[in-house]
Amino acid sequence: MKIGVYPGSFDPFTVGHLDVLKSAVSLFDLVYVAVLNNSEKDPVFTAAERVDMIDRMIEAEGLQNVRSGMFDGLLVRYAAQVGASHIIRGLRAITDFEYEFQIDAVNRHLMNEIRTVYFMASPSHSFLSSSKVKEIGRFGGSIEGLVPPCNENFIRERLARQ
Ligand code: PNS
């Protein structure tokens with residue numbers, strides 16, 4: 001069985017993430033969307049809330065071969081634990097490349113047999129990030145079309161209170 005891990009902070013999961021996920025699912029029998037539970041990053045949504053939102057999105061999108069997960073510590077360890085052969089990441093711009101290049105070098109150093117595959121974000125999502133969603137939401141702008149519809153109200157209400 002071919003297993004992939006799509007890791008990230010997902011604070012929150014956006015339609016850009018969904019686009020990458022949908023590109024990846026046909027290549028794997030099973031994909032874990034794995035939320036990094038990292039207290040250093042001071043996220044807006046708890047790891048449990050982010051996992052819940054991902055579960056709602058999986059259900060709403062009818063993604064049969066996708067599961068949510070949560071990890072702390074090293075990503076490659078989590079990937080090995082769930083039996084993944086590949087890590088999945090998205091790329092929007094050349095600035096992402098620099099960042100991904102470093103992550104890949106570290107991961108290969110740690111576990112060379114787990115390789116990373118990359119999907120280019122759709123041009124319509126090239127500006128989109130979790131940070132931009134948070135910025136827009138905090139200042140009362142519309143986040144419609146930026147996050148999965150099933151999570152929009154929850155995200156908007158949380159950001160409005162910040
Ligand atoms: O969505 P993000 O925040 O860019 O995701 C970054 C992530 C979670 C892939 C990266 O920070 C990560 O893998 N962290 C876990 C710690 C780890 O394995 N570090 C070594 C690779 S940098």
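**Notebook: strands, a loop and a ligand**

I began with the strands and noted that S1 and S4 pair in the parallel sense, over 2 bridges. The model I am reading is a predicted one, and I keep that in mind for every entry below. Within this pairing I found Gly4 standing opposite His86, a residue of S4.

Next I looked up the other partner of S4, and I found that S4 and strand S5, residues 115-120, also pair in the parallel sense, here over 6 bridges. As a landmark for this pairing I wrote down Ile88, which stands opposite Val117 in S5. I then checked how well covered strand S4 is, and of its 6 residues, 86-91, I could list 5 as buried, so that the strand is mostly covered under the cut-off of 20% relative accessible area.

**The loop between S1 and H1**

From S1 (3-8) I followed the chain into the loop that leads to helix H1 (15-25), where I came upon Pro12. The peptide bond from Asp11 to Pro12 is cis, and I noted its omega as near 5°. Phe10 has its place in this loop between S1 and H1 too, and I marked its phi, near 50°, as a positive value in a residue other than glycine.

Is Phe10 buried or exposed? I looked up its relative accessible area and found 3%, and because buried means under 20%, I entered Phe10 as buried.

**Helix H1**

At the start of H1 I looked at Thr14, and I saw that one of its side-chain oxygens reaches to within 3.1 Å of the backbone nitrogen of Gly16. How many of the residues of H1 are buried? I found 8 of its 11 to be buried, and I therefore describe the helix as mostly covered, again with the cut-off of under 20%. The buried residues of H1 that I listed include Val15, Gly16, His17 and Leu18, and Val20, Leu21, Ala24 and Val25 are also among them.

**Around the ligand**

I then turned to the ligand, which has 13 residues around it, and I noted that Ser9, Lys41, Leu75, Arg89 and Tyr99 come nearest. For Ser9, I found an N or O atom of the side chain 2.6 Å from an oxygen atom of the ligand. Leu75 takes part through its backbone, where I found a polar atom 2.8 Å from an oxygen atom of the ligand. In the case of Arg89, a polar side-chain atom lies 3.1 Å from a ligand oxygen. I also looked up how far the ligand is covered: taken alone it exposes 530 Å², and the protein buries 78% of that.

**The loop between S3 and H3**

My last entries concern the loop between strand S3 (66-71) and helix H3 (75-81), in which I located Asp72. Why do I count Asp72 as exposed? Its relative accessibility is 53%, and because exposed means over 50%, Asp72 falls on that side of the cut-off. I also noted that Asp72 and Leu36, although 36 residues apart in sequence, are 5.8 Å apart in space, taken from C-alpha to C-alpha.

Leu74 is found in this loop between S3 and H3 as well. At 35% relative accessibility I entered Leu74 as partly exposed, because that value is in between 20% and 50%. Together with Val106 and Leu110, Leu74 makes a nonpolar surface patch, whose area I wrote down as about 230 Å².

How values were computed. Residues are numbered from 1 along each chain as its sequence is written. This is a predicted model: local features need pLDDT of at least 70, side-chain atom pairs count only at pLDDT 80 or more; totals for chains, interfaces and linings use all residues. Side-chain values use heavy atoms; hydrogens and water are left out. Helices (H or I, at least four residues) and strands (E, at least two) are DSSP runs, numbered from the N terminus. Buried means under 20% relative accessible area, exposed over 50%, partly exposed in between (1.4 Å probe, protein chains only). A polar contact is a pair of N or O atoms within 3.5 Å; within protein, one must be able to donate a hydrogen and the other to accept it, and residues adjacent in sequence count only if both atoms are side-chain atoms. Patches are made of residues with over 30% relative accessible area and no salt bridge: like charges are joined within 9 Å, nonpolar side chains (Val, Leu, Ile, Met, Phe, Trp, Tyr) within 5 Å. Accessible areas come from the Shrake-Rupley method with a 1.4 Å probe; for residues, only the protein chains shown count as cover. A salt bridge is a side-chain nitrogen of Lys or Arg within 4 Å of a carboxyl oxygen of Asp or Glu. A residue is near a molecule or strand if one of its heavy atoms lies within 4 Å of it. Two strands pair if DSSP finds at least two bridges between them.
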